[in-house]
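Welcome! Take a moment to look over the sequence and turn the model around before reading on.

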Amino acid sequence: MRESDCIFCKIAAGEIPSKTIYEDEKFRVILDINPATKGHALVIVKEHYENIYELPEDIAAAAMVLAKRLAKHMTEILKCDGFNIIQNNGKTAGQTVFHFHVHLIPRYEGDGNQEKMCWDHLELSQEELDDICQKLFQ
Ligand code: 5GP
Ligand code: ZN
């Protein structure tokens, strides 16, 4: 399953060259063209799913296992000091390529991205927290 004008479908299929650091039958992992830090990579699912809502659960599980393995491997090789695993869904959440992918971002002391990878904190009352909690509890 793929979309004809999706850039990540073409990269995943090897039709557009990429700096591939890992590949198997489900995933291709490439270096990001505009990296946040040295080694910033993207786990790209080979089949086209737009986002996490569309992604089958078994592929979601496999993506996280792969992200965990690569985080260990990349940390050992690149000797980074920390690691972000980020996955955006929807324009509001910062998604720009609408084909499911997971960002693997090695972090280095003083890499200058501290402020960009965190968020402002809301101050919510106990009632507001209770309300959200009750709505979400399953
Ligand atoms: P998003 O914002 O959708 O979570 O992340 C998309 C990422 O894909 C961005 O970090 C962007 O730099 C990267 N990207 C977009 N087009 C290409 C491309 O053609 N090649 C590579 N290697 N990365 C790309
Ligand atoms: Zn695609």
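What volume does the largest pocket have? It comes to about 390 Å³. Of the 20 residues that line this pocket, those closest to its centre are Phe8, Asp32, Ile33, Leu42 and Val97. Please keep in mind that this is a predicted model.

**The protein as a whole**

Let us step back for the overall picture. The secondary structure of the protein is made up of 3 helices and 5 strands. Following the sequence from its start, you meet them in the pattern α-β-β-β-α-β-β-α. Along the principal axes, the C-alpha atoms fill a box of roughly 55 × 40 × 25 Å.

**What lines the pocket**

Back to the largest pocket. Three elements, H1, S2 and S5, each give two or more residues to its lining. Among the contributors, H1 gives the most, with 3 residues. Sorted by class, the lining has 10 nonpolar, 8 polar and 2 charged residues.

**The ligand and its neighbours**

What takes up the space of the largest pocket? That space is taken by ligand 1. Around ligand 1 there are 16 residues, and the closest of them are Asp32, Asn88, Gly94, Thr96 and His103.

Some polar atoms of the protein lie beside oxygen atoms of ligand 1, and the table lists three such pairs.

| Residue | Protein atom | Partner | Distance |
|---|---|---|---|
| Asp32 | polar side-chain atom | oxygen atom of ligand 1 | 2.5 Å |
| Asn88 | polar side-chain atom | oxygen atom of ligand 1 | 2.9 Å |
| Val97 | backbone N or O atom | oxygen atom of ligand 1 | 2.9 Å |

How much of ligand 1 does the protein bury? Taken alone, ligand 1 exposes 520 Å², and the protein buries 82% of that.

The shell around ligand 1 can be traced to elements too. Helix H1 (7–12), strand S2 (27–31) and strand S5 (101–107) are the elements that give two or more residues to this shell. H1 supplies the largest share, 3 residues. By class, the shell has 8 nonpolar, 7 polar and 1 charged residues.

**Bringing it together**

Two residues are good places to begin exploring. Asp32 is among the residues closest to the centre of the largest pocket, and a polar side-chain atom of Asp32 lies 2.5 Å from an oxygen atom of ligand 1. Val97 is also among those closest to the pocket centre, while a backbone N or O atom of Val97 lies 2.9 Å from an oxygen atom of ligand 1.

Notes: Residues are numbered from 1 along each chain as its sequence is written. Chains are lettered from A and ligands numbered from 1 in the order in which they are written. This is a predicted model: local features need pLDDT of at least 70, side-chain atom pairs count only at pLDDT 80 or more; totals for chains, interfaces and linings use all residues. Side-chain values use heavy atoms; hydrogens and water are left out. A residue is near a molecule or strand if one of its heavy atoms lies within 4 Å of it. A polar contact is a pair of N or O atoms within 3.5 Å; within protein, one must be able to donate a hydrogen and the other to accept it, and residues adjacent in sequence count only if both atoms are side-chain atoms. Accessible areas come from the Shrake-Rupley method with a 1.4 Å probe; for residues, only the protein chains shown count as cover. On a 1 Å grid over the protein atoms alone, a cavity is a set of points where a 1.4 Å probe fits but cannot get out, and a pocket is an open set with protein on both sides within 12 Å along at least five of seven lines; lining residues have an atom within 4 Å of a point. A molecule sits in a cavity or pocket if more than half of its atoms lie within 2 Å of its grid points. Helices (H or I, at least four residues) and strands (E, at least two) are DSSP runs, numbered from the N terminus. Ala, Val, Leu, Ile, Met, Phe, Trp, Tyr, Cys and Pro count as nonpolar, Asp, Glu, Lys and Arg as charged, and the others, Gly among them, as polar. Grid points are joined across faces, edges and corners, and a volume is the space filled by probe spheres set on the points.
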